[in-house]
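Thank you all for coming; I would like to walk you slowly through one structure today. Please have a look at it on the screen before I begin.

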Amino acid sequence: MKNKVSVLNQWAVVTGASKGLGYFYCQFLLSQGYHVLGVSRNSKNILDLVKQYPHLQVKNYDCDLSDIKNAYQLFEFAKTLNVTVVINNAGYGVWGKFQASSLDQELNMINLNIATLHILTKLFVQRFTENNFGRVINVGSMASFTPGPAFTSYYASKAYVWNLGVAINYELIRAKSKVRVITICPGPLETDFWNRSSNGKGSKEHYSSLLPVLDTQSYADKSLKKALKVKRKGFLVVGVSNKITKLIMKILPFRIVLKMVYNYQSKR
Ligand SMILES: NC(=O)c1ccc[n+]([C@@H]2O[C@H](COP(=O)([O-])OP(=O)(O)OC[C@H]3O[C@@H](n4cnc5c(N)ncnc54)[C@H](OP(=O)(O)O)[C@@H]3O)[C@@H](O)[C@H]2O)c1
């Protein structure tokens, strides 16, 4: 697979490409024969990936996507390439009780997790619709499925991502379009996410025994393989532990779920 010449001649855009889930998404896309445009504030490191796939192209596009002007500029740049897959993956959280957490940080996060994701989803769905081909893949979270006391605005932002994507995908199916918007909902992964999102609360301590932490690369491979193929379902919960968690959240009374999430997040 590694030396396969690109038969696709298609480009994938990945935001949050420099590390964590996004980096492994870039790697997987290359293994599938896509050229990759990786976006983050500093993503030069992804250029090295091309060594493993010399017949493909990798470009980096460095910008701060919490500034929505950059989302429009990224779209203009991406129009010069034959983009058929867009992964809105860049995101972080602002941990802490709502009355105490920083409004500036929350607004920055909302711009990245919601506004930029919304803009890129809209512009690429419109563009893909012209050719009746292409996929927007948005990274939500298991946090999409419940309010998150003690991590309020992050959970709310991921609920937006899920609600937006699932609804658009349904519209596309009803319109008999071949374009898809798929929302991937990861549970805990060991990435730099918590360093950025914890307000100095440390990196590893947060991994509670309540939810197992999945291997980031194998999660990336499995989730993206499904997201590139899935026909009608608008969102993906990948991994047995995440599926069980989702089921538990559905079965238990809402007030118990809120209490569990509050306890889980407050202990950090
Ligand atoms: N890790 C988890 O447990 C977990 C669980 C559920 C969902 N998720 C979601 O998965 C996605 C990826 O997170 P991750 O765990 O891979 O975190 P990560 O390791 O911290 O990676 C985040 C990526 O986003 C980029 N980024 C951050 N702020 C940016 C900005 N303002 N503009 C452009 N790029 C920016 C970062 O690169 P630069 O710093 O170079 O900009 C990095 O490439 C996020 O949407 C997150 O909410 C993560």
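Let me start with helix 3 and helix 4, which are roughly parallel to each other because their angle falls under 35 degrees. The two helices, residues 103–131 and residues 152–174, pack at an angle of about 10 degrees with their axes 9 Å apart. Their contact (heavy atoms within 4.5 Å) involves, among others, Met-109, Ile-114 and Leu-117 of helix 3 and Tyr-154, Val-161 and Leu-164 of helix 4. By class, this contact has 10 nonpolar, five polar and two charged residues.

I should say that this is a predicted model, in which local features need pLDDT of at least 70 and side-chain atom pairs count only at pLDDT 80 or more, while totals for chains, interfaces and linings use all residues. Residues are numbered from 1 along each chain as its sequence is written, and side-chain values use heavy atoms, with hydrogens and water left out.

Turning to the ligand, 30 residues surround it (a heavy atom within 4 Å), and the closest are Arg-41, Asp-64, Asn-89, Tyr-154 and Thr-191. An N or O atom in the side chain of Asp-64 is 2.7 Å from a nitrogen atom of the ligand, whereas Gly-16 places a backbone N or O atom 3.2 Å from a ligand oxygen atom. Of the 890 Å² that the ligand exposes when taken alone, the protein buries 95%.

Note on methods:
Axes are lines fitted to C-alpha atoms, for helices over the stretch in contact, and angles run from 0 to 180 degrees between N-to-C directions. Helices (H or I, at least four residues) and strands (E, at least two) are DSSP runs, numbered from the N terminus. Angles under 35 degrees count as roughly parallel, over 145 as roughly antiparallel, 65 to 115 as roughly perpendicular and the rest as oblique. Ala, Val, Leu, Ile, Met, Phe, Trp, Tyr, Cys and Pro count as nonpolar, Asp, Glu, Lys and Arg as charged, and the others, Gly among them, as polar. A polar contact is a pair of N or O atoms within 3.5 Å; within protein, one must be able to donate a hydrogen and the other to accept it, and residues adjacent in sequence count only if both atoms are side-chain atoms. Accessible areas come from the Shrake-Rupley method with a 1.4 Å probe; for residues, only the protein chains shown count as cover.
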